[in-house]
Amino acid sequence: MSRNDSGWIKDYRSLLNWRWFKDPNTAHLWHYLLLRASWLDEEQEFRTIKIKKGQVLESLPSLSKNTGLTCMNVRTALNHLKSTGEITDELTGCGRLITIVNYAKYQATDSQGNRESNRESNRELTGS
């Protein structure tokens with residue numbers, strides 16, 4: 001069992017209003033990336049690549065194999081996620097280094113997530 005085979009991720013109900021929610025391939029790839037992303041604060045090294053919190057290092061064929069999507073579907077879904085700023089995607093000699101742009105926001109600890117959620121609710125109530 002690898003370090004990413006246990007534990008949990010957070011998923012916000014606001015995802016129901018997300019632009020890509022009704023695009024099954026993009027939504028599926030997004031969840032896969034959240035599940036596979038490094039959740040550790042410290043960098044991990046794979047060959048010459050440093051993998052930071054919120055990053056995934058995989059090839060297009062492995063993304064295809066692991067998600068059940070075709071390579072074309074994966075490429076399209078990656079382009080969707082890049083076009084709206086959810087991820088960045090860098091080709092390396094070891095594969096694609098995919099970074100979930102706001103990983104800390106999406107996967108904040110309960111107290112961090114609650115504080116941010118409360119701030120947003122308070123802004124809505126006060127109009128500030």
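What pattern does the protein follow when read along the sequence? The answer is α-β-β-β-α-α-β-β-α-α, and the legends below walk through it in a predicted model.

**Figure 1. The whole protein has five helices and five strands.** Welcome to the overview, which sets the scene for the close-ups. Buried residues account for 36% of the 128 residues in the protein. The exposed surface comes to about 8400 Å², and carbon and sulfur atoms supply 51% of that area. If you like to think in terms of contact maps, take the contacts between residues at least 6 apart in sequence: 56% of them join residues at least 24 apart.

**Figure 2. Three strands build an open sheet in the order S3-S5-S4.** The pairing in this sheet is antiparallel. S3 and S4 stand at the edges with a single partner strand each, so one side of each has no neighbour in the sheet. From one strand to the next, the twist averages 20 degrees.

**Figure 3. Strand S5, residues 95-100, is largely enclosed by the rest of the structure.** Why can we say that S5 is largely enclosed? Six of its six residues are buried, so the rest of the structure largely encloses the strand. For the residues in this view, the cut-off for buried is under 20% relative accessible area.

**Figure 4. Strand S3, residues 55-58, runs antiparallel to S5.** Four bridges join S3 to S5. To find your place along this pairing, start with glutamine 55, which stands opposite threonine 99 in S5. Then look for valine 56, whose opposite residue in S5 is isoleucine 98.

**Figure 5. S4 and S5 form a hairpin.** Two residues lie between the two strands of this hairpin. Strand S4 spans residues 87-92, and its antiparallel pairing with S5 extends over six bridges. Two pairs make handy landmarks here. Aspartate 89 has isoleucine 98 as its bridge partner in S5, while glutamate 90 is partnered by leucine 97 of S5. Isoleucine 98 may look familiar: in the S3 pairing, this residue stands opposite valine 56.

**Figure 6. Helix H3 lies across S4 and S5.** The helix runs at about 125 degrees to S4. H3 covers residues 71-83, and it returns in the next view with another helix as its partner.

**Figure 7. Helices H1 and H3 cross at roughly 80 degrees.** A pair of packed helices is described by the angle between the axes and the distance between them. Here the axes of H1 (residues 24-36) and H3 come within 9 Å. The crossing makes H1 roughly perpendicular to H3, since angles of 65 to 115 degrees count as roughly perpendicular. On the H1 side, the contact is made by Asn25, Thr26, Leu29, Trp30 and Leu33. H3 contributes Asn73, Val74, Ala77, Leu78, His80 and Leu81. How many residues of the contact of H1 with H3 are nonpolar, polar and charged? Seven are nonpolar and four are polar, with no charged residues in the contact.

Note on methods:
Residues are numbered from 1 along each chain as its sequence is written. This is a predicted model: local features need pLDDT of at least 70, side-chain atom pairs count only at pLDDT 80 or more; totals for chains, interfaces and linings use all residues. Side-chain values use heavy atoms; hydrogens and water are left out. Buried means under 20% relative accessible area, exposed over 50%, partly exposed in between (1.4 Å probe, protein chains only). Two strands pair if DSSP finds at least two bridges between them. Axes are lines fitted to C-alpha atoms, for helices over the stretch in contact, and angles run from 0 to 180 degrees between N-to-C directions. Angles under 35 degrees count as roughly parallel, over 145 as roughly antiparallel, 65 to 115 as roughly perpendicular and the rest as oblique. Contact means heavy atoms within 4.5 Å. Ala, Val, Leu, Ile, Met, Phe, Trp, Tyr, Cys and Pro count as nonpolar, Asp, Glu, Lys and Arg as charged, and the others, Gly among them, as polar. Accessible areas come from the Shrake-Rupley method with a 1.4 Å probe; for residues, only the protein chains shown count as cover.
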